Amino acid sequence: MEKFDIIKEKHPNWSDEQIWSAVSLDMEADRVIEEKGEINPDDPDIIEEIIRGAMEWLDDALPMIMEKVRDLFNALLQNIGNWLRKGMEYVMDFIGNWFTYGF
């Protein structure tokens, strides 16, 4: 998958679980933008829709990965406010740190 390879190249030390988490979020963001057109990236409802959609995709396509990252996605949902303040960079850092530090 092209998105997988792109993210793996940017983050060569990430595990498959980290990469698939980022892929699912990226794909779901693309889907939401395509479906809704122009969106407000600061809208917490949009952010929640993207996270929940990514979770559903992982659960359907890669359930073994989803089981390993379910707590990560639940933490993302709980931290939408932080995400909105810091942007997408925060999400990628969060994914990286989750597996290193477990928070």
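This is a short tour of the structure above, going from the whole chain down to single residues.

**Before you click**

What you have open is a predicted model, where local features need pLDDT of at least 70, side-chain atom pairs count only at pLDDT 80 or more, and totals for chains, interfaces and linings use all residues. Residues are numbered from 1 along each chain as its sequence is written, and side-chain values use heavy atoms, with hydrogens and water left out.

**Stop 1: the whole chain**

Start with a cartoon view of everything. How many helices and strands are there? The secondary structure comes to six helices and zero strands. Helices (H or I, at least four residues) and strands (E, at least two) are DSSP runs, numbered from the N terminus. Walk along the sequence and you'll pass through the pattern α-α-α-α-α-α. The radius of gyration of the chain is 13 Å, close to the 13 Å that the globule rule gives for 103 residues, so the chain is as compact as a globular protein of that length. That radius is taken over C-alpha atoms, and the globule rule is 2.2 Å times the number of residues to the power 0.38.

Now rotate the C-alpha trace: along its principal axes it spans about 35 × 25 × 25 Å. Switch to a surface, and you're looking at about 6200 Å² of exposed area, with carbon and sulfur atoms supplying 48% of it. Areas like this come from the Shrake-Rupley method with a 1.4 Å probe; for residues, only the protein chains shown count as cover. Of the 103 residues, 38% count as buried. Here buried means under 20% relative accessible area, exposed means over 50%, and partly exposed is in between (1.4 Å probe, protein chains only).

One more overall number: among contacts between residues at least 6 apart in sequence, 52% join residues at least 24 apart. A contact means heavy atoms within 4.5 Å.

**Stop 2: the charges**

Colour the charged side chains. The chain has 10 positive and 23 negative ones, and the centres of the two sets lie 4 Å apart. Lys and Arg count as positive and Asp and Glu as negative, while His and the chain ends are not counted. Each charge is placed at NZ of Lys, CZ of Arg, CG of Asp or CD of Glu.

The structure holds 10 salt bridges. A salt bridge is a side-chain nitrogen of Lys or Arg within 4 Å of a carboxyl oxygen of Asp or Glu.

**Stop 3: E49 and R31**

Select E49 and R31 and show their side chains. They meet in a salt bridge at 3.6 Å, N to O. E49 lies in helix α3 (residues 44-61) and R31 in helix α2 (residues 16-36), so the pair ties together parts that are 18 residues apart in sequence. E49 is partly exposed, at 25% relative accessible area, and R31 is partly exposed too, at 33%. Now add E28, E35 and K36 to your selection: together with R31 and E49, they are linked in a network of salt bridges.

**Stop 4: R70 and its partners**

Next, pick R70. Which residue does R70 meet at 3.6 Å, N to O? That's D59, and the two side chains form a salt bridge. This pair links distant parts of the chain, with R70 in helix α4 (residues 63-78) and D59 in helix α3, 11 residues apart. R70 counts as partly exposed at 27% relative accessibility, and D59 as partly exposed at 35%.

R70 also forms a salt bridge with E67, where the closest N and O atoms are 2.6 Å apart. R70 and E67 sit three residues apart in helix α4, which separates them by about one helical turn. E67 is exposed, with a relative accessible area of 53%.

**Stop 5: E17**

Select E17 in helix α2. Is E17 buried or exposed? At 15% relative accessibility, E17 counts as buried. Leaving aside neighbours within four places in sequence, E17 is in contact with I65, K68, V69 and F99.

**Stop 6: three distances to try**

Finish with your viewer's distance tool, clicking C-alpha atoms.

- N74 lies in helix α4 and is partly exposed at 32%; the C-alpha atoms of N74 and G53 are separated by 13 Å.
- K86 lies in helix α5 (residues 80-86) and is exposed at 56%; K86 and R52 are 20 Å apart, C-alpha to C-alpha.
- H11 is in the loop between α1 (2-10) and α2 and is partly exposed at 25%; H11 and M64 are 53 residues apart in sequence and 21 Å apart in space, C-alpha to C-alpha.
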